[in-house]
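Work through the exercises below with the sequence and the 3D view at hand. Try each task before reading its solution.

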Number of protein chains: 2
Amino acid sequence: MDELTIGQVSERTGLSVHALRYYEREGLLVGSVSRSSGGRRRYSTFDVDWIRLCVRFRECGMPVTEIRHYAELVAAGTGNEEERLQLLRAQEARLKHELSRMTECLTVIRAKADLYAQHVTAGTAGSLWTGETPACLALEAGVQPV
Amino acid sequence: MDELTIGQVSERTGLSVHALRYYEREGLLVGSVSRSSGGRRRYSTFDVDWIRLCVRFRECGMPVTEIRHYAELVAAGTGNEEERLQLLRAQEARLKHELSRMTECLTVIRAKADLYAQHVTAGTAGSLWTGETPACLALEAGVQPV
DNA sequence: GCTTGACCTAGAGTGAACTCTAGATCGTAG
DNA sequence: CTACGATCTAGAGTTCACTCTAGGTCAAGC
């Protein structure tokens, strides 16, 4: 139970077996996965946890090359903690940036959707949608509150 | 001033001129941009606002094909507001999902970074980093609070 | 022993979203 | 009139992160 096959790890992490082999090839894992006598991969609990961390990193937009860099630092052992910290902080900063951009987008989309909802429930007779420069277009392009 | 060149629009939207032409080719703009007598694009204020909206959509992960769909609905004129609303709501839902996933990642990264920061300021003599199964590795793979 | 399904490697293919190139044209400044 | 920088089109190239293929190996059940 500390020795999972690639298929089991695929189920547990949500990555395809192809992706798991790809991650290993690309050096995203700390060292390489151990093998059975027949040459099949046997993943340890640590491996699986690490892969889950990689999935997290990827989900938040961290590029593969940077995860590899981090994995290399971890593989190198103690002594480079400052560098790991820097990497983490950099990713944290980027993520915060990204989050605020996305929140802005959400605000815009919500504003537009709410206006549409209002219009749809009010029926097509609404005066908003007639006239020379239809407010429809203003609504489309103009509503950018943030 | 209601008639900008592609270079000016590039400056104002942050998209490259290549990307602007690409967006038009791909049908992301409502109709097509008007042209000068010599065949150069002349962007109206509406065009620019619309492009900014497209940038927002792209920033929040909306695929190009879906933006095209939305643009087609807008180009088709009134009568399909429900469908536009559905598209917007779908994007809103996906965005909320994405936001919560990213917030989770941020939590994980912060937790790891804070532990590292603690270690780094405490100096390498910390007992955390010695022993048979170094806590270093536990820290790497195990810290997944969310 | 045979079948079957999960696994192996190396390497080619895919889709998305640009990005760049080549070769031509436009239009303004000198 | 000429030079030059911005623009034009069509289409090829790039990057990223996988995903798939071909041709073979391993191991459990019948």
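**Exercise 1. The contact between the two chains**

Task: In this predicted model, state how many residues chain A and chain B each give to their contact, and describe the area buried there.

Solution.
Step 1. Chain A gives 47 residues to the contact, and chain B gives 47 residues.
Step 2. Putting the chains together buries about 4600 Å². Carbon and sulfur atoms give 71% of that area.
Step 3. On the side of chain B, the residues that lose the most area to chain A are R56(B), M102(B) and I109(B). Together they account for 15% of what that side buries.

**Exercise 2. Charges and helices at the contact**

Task: Count the salt bridges and the residue pairs in polar contact between the chains, then find which elements of chain B take part.

Solution.
Step 1. There are six salt bridges between chain B and chain A. One example joins E104(B) to R56(A), with the closest N and O atoms 3.0 Å apart.
Step 2. Eight residue pairs are in polar contact between chain B and chain A, where both residues have pLDDT 80 or more.
Step 3. On the side of chain B that touches chain A, two or more residues come from each of α3 (45-59), α4 (64-75), α5 (81-122) and α6 (135-142).
Step 4. The largest share of that side, 28 residues, belongs to α5(B).
Step 5. Sorted by type, the residues of this side of chain B are 25 nonpolar, 17 charged and five polar.

**Exercise 3. The surface near DNA strand D**

Task: Describe which residues surround DNA strand D and which parts of the strand the protein approaches.

Solution.
Step 1. DNA strand D is surrounded by 19 residues. The closest are Y23(A) and R58(A) from chain A, and R21(B), R40(B) and R41(B) from chain B.
Step 2. By type, this surface has seven charged, six polar and six nonpolar residues.
Step 3. Helix α2 (17-25) of chain A and helix α1 (6-13) of chain B each supply at least two residues. The largest share, five residues, comes from α2(A).
Step 4. Among the atoms of DNA strand D within 4 Å of the protein, 67% belong to sugar or phosphate, and the rest to bases.
Step 5. Some individual atom pairs reach bases. A polar side-chain atom of R40(A) is 3.0 Å from a base oxygen of strand D, and a side-chain N or O atom of R40(B) is 3.3 Å from a base oxygen.
Step 6. Another pair reaches the backbone of the strand: a polar side-chain atom of T5(B) lies 3.1 Å from a phosphate oxygen.

**Exercise 4. Two residues of chain B**

Task: Decide whether S10(B) and H18(B) are each buried or exposed, and place each in its helix.

Solution.
Step 1. S10(B) sits in helix α1 of chain B. H18(B) sits in helix α2 (residues 17-25) of chain B.
Step 2. S10(B) has a relative accessible area of 17%, so this residue is buried; the cut-off is under 20%.
Step 3. H18(B) has a relative accessible area of 58%, so this residue is exposed; here the cut-off is over 50%.
Step 4. Leaving out residues up to four places away in sequence, S10(B) touches L15(B), S16(B), V17(B) and L20(B). A polar side-chain atom of S10(B) lies 2.7 Å from the backbone oxygen of L15(B).
Step 5. H18(B) and I6(B) are twelve residues apart in sequence, while their C-alpha atoms are 9.4 Å apart in space.

Terms used
Residues are numbered from 1 along each chain as its sequence is written. Chains are lettered from A and ligands numbered from 1 in the order in which they are written. This is a predicted model: local features need pLDDT of at least 70, side-chain atom pairs count only at pLDDT 80 or more; totals for chains, interfaces and linings use all residues. Side-chain values use heavy atoms; hydrogens and water are left out. Helices (H or I, at least four residues) and strands (E, at least two) are DSSP runs, numbered from the N terminus. Buried means under 20% relative accessible area, exposed over 50%, partly exposed in between (1.4 Å probe, protein chains only). A residue is near a molecule or strand if one of its heavy atoms lies within 4 Å of it. A polar contact is a pair of N or O atoms within 3.5 Å; within protein, one must be able to donate a hydrogen and the other to accept it, and residues adjacent in sequence count only if both atoms are side-chain atoms. Ala, Val, Leu, Ile, Met, Phe, Trp, Tyr, Cys and Pro count as nonpolar, Asp, Glu, Lys and Arg as charged, and the others, Gly among them, as polar. Contact means heavy atoms within 4.5 Å. Buried area is the accessible area (1.4 Å probe) that two parts lose on being put together, summed over both. A salt bridge is a side-chain nitrogen of Lys or Arg within 4 Å of a carboxyl oxygen of Asp or Glu.
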